[in-house]
Amino acid sequence: DSGELDQLIMYMVRYDLDLLILGSWFGFLSLLGLMLWIFRREKALYFSFMLLNLVIALQTLIFTRSLNYVFLADNPTILSIRGKIPFLVPIGIGLFFERVFGTGWLHLTRRVWQFQLIVAVVLFAANLSFTQYRWWYLLVMLQLLYMTAVAAYHAYHGDGNARLLTAGVF
């Protein structure tokens with residue numbers, strides 16, 4: 001029915017256009033990172049860049065109402081995956097951060113994203129959604145505070161990447 005399609009298009013433009021553009025942009029960056037990694041496999045930074053952008057693109061696009069309406073409807077498998085995508089974001093962030101700044105004191109940077117990976121695997125296996133675990137938000141906030149402190153430390157000691165990241169956070 002064309003009336004329903006017209007309403008969907010208007011809804012997409014009015015409410016989801018920003019998320020559709022942003023999610024598509026991160027998807028494009030993910031493909032760019034993949035292409036760079038394919039041609040320069042020794043650069044693990046490109047793989048982590050690709051993974052970070054992929055999980056952000058998925059996180060952004062899977063929660064747009066218009067795409068859910070068109071593609072997902074009420075598919076229980078997709079809805080289950082939708083509830084688990086947020087667990088992947090801090091893993092992507094942590095892995096990329098590690099590639100830029102190193103593993104950190106006592107390998108803490110690596111341990112944080114590895115712990116997030118274990119949490120994600122356990123909750124995926126138990127078929128649980130992130131909305132059921134409010135403590136997970138606290139864990140992510142602690143991870144982000146830690147990474148901000150590490151970036152500020154590196155920025156203070158003259159690292160240009162760290163200065164850019166720290167300026168972006170603040």
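Helices and strands are taken here as DSSP runs, of at least four residues (H or I) for a helix and at least two (E) for a strand, numbered from the N terminus. By that definition, the protein chain of this predicted model holds 8 helices and 0 strands. Reading along the sequence gives the pattern α-α-α-α-α-α-α-α. The C-alpha trace spans about 60 × 35 × 35 Å along its principal axes. Of the 170 residues in the chain, 32% are buried. Contacts that link distant parts of the sequence are well represented: among those between residues at least 6 apart, 65% join residues at least 24 apart.

Helix 7 makes a good starting point for a closer look. This helix covers residues 135-156, 22 residues in total, and its first and last C-alpha atoms lie 32 Å apart, close to the 32 Å expected at 1.5 Å a residue. Its buried residues are Trp136, Val140, Gln143, Met147, Thr148, Val150, Ala151 and Ala155. These buried positions sit on the same side of helix 7, because they cover an arc of only 165 degrees around the axis. Turned away from that buried side is a face with the exposed residues Leu138, Leu145, Tyr153 and Tyr156. Just past the end of helix 7, glycine 158 adopts a positive phi of about 95 degrees.

Two other helices, 5 and 6, pack against helix 7, and they also pack against each other. Beginning with that last pair, helix 5 (residues 89-101) and helix 6 (residues 108-125) have axes that come within 9 Å and cross at roughly 160 degrees. An angle over 145 degrees counts as roughly antiparallel, so helix 5 is roughly antiparallel to helix 6. Their crossing is left-handed. On the helix 5 side, the meeting residues are Pro90, Ile91, Gly94, Leu95, Phe97, Glu98 and Arg99, and they face Thr109, Arg110, Trp113, Gln116, Leu117 and Ala120 in helix 6.

Helix 5 packs on helix 7 at an angle of about 15 degrees, and the two axes are 11 Å apart. Since angles under 35 degrees count as roughly parallel, helix 5 and helix 7 are roughly parallel to each other. Here, too, helix 5 passes its partner in a left-handed crossing. Pro90, Ile93, Gly94, Phe97 and Phe101 of helix 5 meet Trp136, Val140, Gln143, Leu144, Met147, Val150, Ala151 and His154 of helix 7. Pro90, Gly94 and Phe97 thus appear in the contact with helix 6 and in the contact with helix 7.

The remaining pair is helix 6 and helix 7, which pack at about 160 degrees with their axes 11 Å apart. That angle makes helix 6 roughly antiparallel to helix 7, and the crossing is again left-handed. Leu108, Thr109, Val112, Phe115, Gln116 and Val119 of helix 6 make the contact with Trp135, Trp136, Leu139, Val140, Gln143 and Tyr146 of helix 7. Trp136, Val140 and Gln143, which are among the buried residues of helix 7, take part in the contact with helix 6 as well as in the contact with helix 5.

Elsewhere in the chain, isoleucine 38 belongs to helix 1 (residues 2-39). Its relative accessible area is 42%, which makes isoleucine 38 partly exposed. Threonine 77 lies 39 residues from isoleucine 38 along the chain, and the C-alpha atoms of the two are separated by 31 Å.

Note on methods:
Residues numbered from 1 in each chain as written. Predicted model: local features only at pLDDT ≥ 70, side-chain atom pairs only at ≥ 80, totals over all residues. Heavy atoms only, no water. Expected span 1.5 Å × (residues − 1). Buried < 20%, exposed > 50% of the residue type's maximum accessible area, 1.4 Å probe, protein only. Arc of directions from axis to C-beta. Axes fitted to C-alpha atoms, helices over the stretch in contact; angles between N-to-C directions. Parallel < 35°, antiparallel > 145°, perpendicular 65-115°, else oblique. Left-handed = near helix turned anticlockwise from the far one by under 90°. Contact = heavy atoms within 4.5 Å.
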